[in-house]
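This briefing is for a reader who is meeting the structure for the first time. Please look over the sequence and the structure before going on to the notes below.

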Number of protein chains: 2
Amino acid sequence: MMRMHYTRDNMAGLLRSHDINPTHQRIEIAHALFSRQEHLSADQVMAIVNTRHSETSKATVYNTLKLFLEKGLVREVIVDPSKVFFDPNTSPHHHLYEVDTGKLSDIDAEQVQISGLPLLPAGMVTEGIDLIVRVRRKA
Amino acid sequence: MMRMHYTRDNMAGLLRSHDINPTHQRIEIAHALFSRQEHLSADQVMAIVNTRHSETSKATVYNTLKLFLEKGLVREVIVDPSKVFFDPNTSPHHHLYEVDTGKLSDIDAEQVQISGLPLLPAGMVTEGIDLIVRVRRKA
DNA sequence: TCCGGATATTAGACAAAGTCCAGATTGCCG
DNA sequence: CGGCAATCTGGACTTTGTCTAATATCCGGA
Ligand SMILES: [Mn+2]
Ligand SMILES: [Mn+2]
Ligand SMILES: [Zn+2]
Ligand SMILES: [Zn+2]
């Protein structure tokens, strides 16, 4: 997939296309995630956004990430019991998690086949299927 | 698989077979998990074990669950960003998570096939593959 | 049985992630 | 400019989990 350059200016349009009012703080937070294309925790986003001078509060970082999540701009990845990661890649994909380093990387869903899953309980719909491969350095 | 009845008396042998010294507290905690065969959080274990009268401290509950984990007596399930679940079922299996209720149930690994996973980075070994089907009640 | 060391448990202080709220700011429209 | 909705904020608060130093329990040997 051809990748565009994620400038702050592009962020406003991206936010608007997801029905999010583009404010200064929201643009900075989106830029932190999309320019890096990495999985970031709220704490990491907080640190990135406030590197030069403090300009975004903790409450806003959490509120904004939750808003992005609701609007489908980012995805949540739950692999570490101590923190949630936010993922700017919303296309269907899986994850490889290096347990000793905490490094998290993507596995394209295209090449992975999952079959034999049981039928869902009546009245239920799948919200998502998370596949996490946990690896560690060989002893 | 034929299932035995998990009495407190059985717990001592189970603990010993996993190289765990069976103390009163450890037996109670193991009994909470194995007699129910459910996924429990530390908090839930704490509540169960202290129903009649307070007899096990928070520190011991956490220490013991971690010990059980290290000794392979239980397994950790990470699906909810706010708490870890402990699973007395250590046979390979996957999970179905009902996001609105928090209900967690097992999916037998036998019938599920996962193929096409990429090769691991050199020097890495798989510690486990977690597959979580997230479902919610239809709108 | 008594002693001493190793093992296990404890209360409570602490830390980290995340939530909540009431007040201040901002942006926009008339 | 004045009003109003939307947004942002500091800081108190909650929850989950960790740590520590003191105590209690267990067990093997004299
Ligand atoms: Mn700035
Ligand atoms: Mn008892
Ligand atoms: Zn990802
Ligand atoms: Zn399970």
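Of the 20 residues around DNA strand C, those that come nearest are A:Lys58, B:Thr23, B:Gln25, B:Glu55 and B:Thr60. Sugar and phosphate make up 73% of the strand C atoms that come within 4 Å of the protein. The model is a predicted one. The points below take DNA strand C, then DNA strand D, then the interface of the two protein chains.

**DNA strand C**

- From chain A, α3 (42-49), α4 (58-70) and β3 (83-87) each supply at least two residues of the surface near DNA strand C, and from chain B, α2 (24-36) and α4 (58-70) do so.
- That surface divides into 5 nonpolar, 8 polar and 7 charged residues.
- B:Thr60, one of the residues that come nearest to the strand, has a side-chain N or O atom 2.8 Å from a phosphate oxygen of DNA strand C.
- B:Ser57 uses its backbone: an N or O atom there lies 2.9 Å from a phosphate oxygen of DNA strand C.
- From chain A, the side chain of A:Tyr62 places an N or O atom 3.0 Å from a phosphate oxygen of DNA strand C.

**DNA strand D**

- DNA strand D is surrounded by 19 residues, of which A:Thr23, A:Gln25, A:Glu55, A:Thr60 and B:Lys58 are the closest.
- Within 4 Å of the protein, 73% of the atoms of DNA strand D belong to sugar or phosphate, and the rest belong to bases.
- A base oxygen of DNA strand D is 2.8 Å from an N or O atom in the side chain of B:Lys58.
- The side chain of A:Gln25 has an N or O atom 2.8 Å from a sugar or linking oxygen of the strand.
- For A:Ser57, a polar backbone atom is 3.0 Å from a phosphate oxygen of DNA strand D.
- The elements that each supply at least two residues of the surface near DNA strand D are α2 (24-36) and α4 of chain A, together with α3 (42-49), α4 and β3 (83-87) of chain B.
- Of these, α4(B) gives the largest share, 4 residues.
- By class, the surface near DNA strand D has 5 nonpolar, 7 polar and 7 charged residues.

**Extent of the interface between chains A and B**

- In chain B, 37 residues are in contact with 37 residues of chain A.
- The two chains bury about 3,400 Å² between them, with 61% of it on carbon and sulfur atoms.
- On the chain B side, B:Ile78, B:Met124 and B:Arg134 lose the most area to chain A, together 18% of what that side buries.

**Contacts and elements at the interface**

- The rule finds 16 residue pairs in polar contact across the interface.
- Two or more residues of the chain B side that touches chain A come from each of β2 (75-80), β4 (93-98), β6 (113-115) and β7 (124-137) of chain B.
- The largest share of that side, 14 residues, comes from β7(B).
- The chain B side that touches chain A has 21 nonpolar, 7 polar and 9 charged residues.
- Strand β7 (residues 124-137) of chain A pairs with β7(B) in the antiparallel sense over 13 bridges.
- Within β7(B), B:Arg134 is the bridge partner of A:Gly128.
- There are 4 salt bridges across the interface.
- A salt bridge joins the side chains of A:Arg134 and B:Asp130, at 2.9 Å from N to O.

Technical notes: Residues are numbered from 1 along each chain as its sequence is written. Chains are lettered from A and ligands numbered from 1 in the order in which they are written. This is a predicted model: local features need pLDDT of at least 70, side-chain atom pairs count only at pLDDT 80 or more; totals for chains, interfaces and linings use all residues. Side-chain values use heavy atoms; hydrogens and water are left out. Contact means heavy atoms within 4.5 Å. Buried area is the accessible area (1.4 Å probe) that two parts lose on being put together, summed over both. A polar contact is a pair of N or O atoms within 3.5 Å; within protein, one must be able to donate a hydrogen and the other to accept it, and residues adjacent in sequence count only if both atoms are side-chain atoms. Ala, Val, Leu, Ile, Met, Phe, Trp, Tyr, Cys and Pro count as nonpolar, Asp, Glu, Lys and Arg as charged, and the others, Gly among them, as polar. Two strands pair if DSSP finds at least two bridges between them. A residue is near a molecule or strand if one of its heavy atoms lies within 4 Å of it.
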